[in-house]
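Me: Take me through one part of this protein in close-up, please, and then set it against the rest. Spell out the cut-offs as you go.

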Amino acid sequence: MIKRLTILLTAALTLVACSGPRPVATTPGAAATSTGGPAKGGKIVYGLSADANGFNPVTDQFAAQSYSMVTTIIEPLVSVDANGDWKPNLAESLTPNAAYDEWTIKVRQGINFTDGLTLTGEIVKSNLEAQQKSPLTSASLQPLDSIELVDPMTVKVKLKQPWVVFPYYLAAQIGMIVPPSTLNNPLGGSRTPVGTGPYIFKEYVPDSRFVVTRNPHYWRDGLPYLDEIEFRILPDTQTRAQSLEAGSLDAIGTTRDEDLAKFGAMKDAYTIHRAQGMAVSESMFMLNTEVAPMNDVRVRQAMAAAMDRKAIITTLRGGLTKEADSPWTKDSKWYAPGGAAHTYDLARATSLVKEYEAEKGELKVEVLSTPDPNTMQTVELAQDMWRKAGIDVTIKQADQADLINRALTGNFTATIWTAFSSPDPDGEYIWLHQAYAKPIGAISLNFSRVKDDELSKALDVGRMNPDESARKQAYATVQKRLRDLVPYIFIDHLDTGSIITKSKLRGIGEQLLPDGDKGLALTGSPIPYHPFSQLWVNGQ
């Protein structure tokens with residue numbers, strides 16, 4: 001059970017820190033000028049940071065690299081456009097009732113799976129029911145009550161409460177549709193994926209490569225452009241960068257600022273696409289509010305006040321990122337100012353520590369970190385800052401799987417963390433609402449175990465009220481309570497997550513959705529992912 005929950009929406013949980021020399025800034029999404037329109041044909045080799053656990057959206061853990069591979073074959077009901085708004089994809093339409101506690105999903109006509117079976121409402125219903133029962137994804141679908149087949153191509157989802165942005169959840173793993181053969185044989189579907197997508201499964205060698213070929217019967221006319229994509233598994237960031245420069249890869253994902261500097265200086269040969277907006281996750285320290293000494297808000301406030309974010313950004317991020325004081329960037333419509341609690345103030349931090357120690361004795365804190373050198377640099381720099389405030393800080397290393405398991409069960413005091421990259425703030429509901437905060441030892445998706453009526457009520461308003469102004473006010477309250485309670489010490493917005501390609505590879509950030517609107521360029525964290533159906537190679 002823990003293993004499955006460990007990877008629930010893993011893209012929101014992956015740990016990362018960046019380091020290296022100070023590079024010059026690069027233009028997000030900068031692309032070489034095209035010599036003509038998209039051309040068909042050709043093959044690309046795409047370097048990924050890790051293998052997938054499997055390719056079945058009902059049973060397998062999906063991180064950013066999983067989405068990169070599997071979405072070439074399996075598609076979701078919903079997409080997200082360049083403005084961050086949800087749009088129908090396999091669904092032709094999604095319509096709420098007046099109360100937003102029912103959503104009617106009409107499925108597009110004329111879509112076939114690559115095994116020849118036609119997509120129907122019954123298949124969509126079976127997929128959503130499987131997701132509702134899955135230990136992997138059921139927590140996210142807690143508001144779901146029942147699913148009814150209205151007619152052969154229409155499904156009605158009934159909810160226990162209003163949910164105004166329910167379609168966003170159908171744009172990711174929960175909304176990805178597989179045929180009955182996968183639902184009936186989950187293990188087979190995990191290793192040999194079948195879907196409605198632009199490509200067909202060809203080959204998979206664990207920890208080595210995943211290969212797909214063009215689907216000649218894809219439901220979107222004229223797509224895809226490429227004949228074949230080989231995803232090559234290369235966990236070492238430096239190896240990926242060297243392989244790209246040597247010519248054996250056409251694209252890589254990276255978070256290293258030195259990669260942005262190096263390839264950004266070779267503008268004729270390479271193009272850099274950086275994550276922007278709500279797709280950018282936040283680097284932070286997560287504090288367990290249920291255990292001593294973190295159950296004393298003065299300790300959490302002291303640690304926040306002692307954090308010199310500018311020093312971390314200058315020293316370890318090459319000056320490329322911006323300070324964070326909330327889950328959302330200042331250019332987001334959801335951002336609310338007022339982050340004084342995250343202002344560097346060593347005198348205030350020292351005073352709070354002395355006040356605590358006068359009552360409760362010496363203040364000692366253990367911080368968890370993965371052994372990754374880049375991550376350890378961030379933790380060690382923070383350790384030095386906290387020690388200057390009088391806090392005795394020790395660091396304990398754990399591999400990523402163990403660290404996430406400890407977060408789930410509350411077996412930690414503080415840990416380095418990365419999260420909050422959903423296209424809508426409601427995507428953070430399960431990580432922050434007190435309904436998901438469980439006792440120490442129990443599995444809790446609210447990892448910090450923060451419990452606050454005002455915070456939770458605001459999250460409920462954001463989920464249930466269709467008025468955007470009411471939602472903005474609700475998320476302003478969310479940010480205020482997070483700053484007051486300090487379950488997270490925000491550091492910066494990690495927009496160094498990038499895709500670097502050879503300049504001949506085109507189409508990233510240029511994909512159009514079925515309705516003709518421009519799609520979201522990059523999403524996920526720390527290394528983003530993107531659609532592949534409209535990538536093409538110049539000069540074919």
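Reply: Let's settle one term before anything else: two residues are in contact if they have heavy atoms within 4.5 Å of each other. This is a predicted model, in which local features need pLDDT of at least 70, side-chain atom pairs count only at pLDDT 80 or more, and totals for chains, interfaces and linings use all residues. Numbering starts from 1 along each chain as its sequence is written, and side-chain values use heavy atoms, with hydrogens and water left out.

The part to zoom in on is Leu77, in the loop between α2 (64–70) and β2 (78–80). Those labels are DSSP runs numbered from the N terminus: H or I over at least four residues for a helix, E over at least two for a strand. With a relative accessibility of 0%, Leu77 counts as buried. For that word the cut-off is under 20% relative accessible area, while exposed is over 50% and partly exposed lies in between, all with a 1.4 Å probe and protein chains only.

So what does Leu77 touch, once neighbours within four places in sequence are set aside? There is a run of Pro88, Asn89, Leu90 and Ala91, then Val124, and finally Leu170, Gly175 and Ile177. Ile174 is 97 residues away from Leu77 along the chain, yet their C-alpha atoms are separated by 9.2 Å.

One of those partners leads into the interior. Leu170, a contact of Leu77, is also among the residues that touch the most other members of the largest nonpolar core, along with Leu119, Trp417 and Val478. That core has 73 residues. By nonpolar core I mean a set of buried Ala, Val, Leu, Ile, Met, Phe, Trp, Tyr and Cys residues joined through side-chain atoms within 4.5 Å. Of the secondary structure, helix α16 (residues 468–485) gives the most to this core, namely five residues. A separate core of 32 residues lies apart from it, with Phe62, Tyr199, Ala251 and Val537 among its members. As background, nonpolar side chains tend to be buried together in soluble globular proteins.

Other loops hide residues too. Met307 sits between α9 (297–305) and α10 (309–316), and with 0% relative accessibility it is buried. Beyond four places in sequence, Met307 touches Phe285, Ile312, Tyr344, Ala382, Met385, Trp386 and Ile489. Glu362, 55 residues from Met307 in sequence, is 20 Å from it, C-alpha to C-alpha. Arg256 is in the loop between β11 (251–254) and α8 (257–264); its relative accessible area is 15%, so it counts as buried. Past its sequence neighbours within four places, Arg256 has contacts with Thr237, Gln238 and Ala241.

Now for the backbone oddities. Most residues other than glycine have a negative phi, and most peptide bonds are trans. Phe420 has a positive phi, near 70°, in the loop between β17 (414–419) and α14 (429–432), and with a relative accessible area of 2% it is buried. Arg449, in the loop between α14 and α15 (453–464), has a positive phi near 60° and is buried at 0% relative accessibility. Gly410, which follows α13, also has a positive phi, near 80°. Two cis peptide bonds, with omega about 0°, can be pointed out: Leu223 to Pro224 and Ala292 to Pro293. Pro224 lies in the loop between β9 (209–214) and β10 (228–233), and Pro293 in the loop between β13 (282–287) and α9.

Zooming out, the protein has 16 helices and 21 strands, and 59% of its 540 residues are buried. Among contacts with a separation of 6 or more, 72% are between residues 24 or more positions apart. The radius of gyration is 23 Å, which agrees with the value near 24 Å for a compact globule of 540 residues; that radius is taken over C-alpha atoms, and the globule rule is 2.2 Å times the number of residues to the power 0.38. Along the principal axes, the C-alpha atoms fill a box of roughly 70 × 55 × 40 Å. About 19,800 Å² is exposed, with carbon and sulfur atoms supplying 49% of it; these areas use the Shrake-Rupley method with a 1.4 Å probe.
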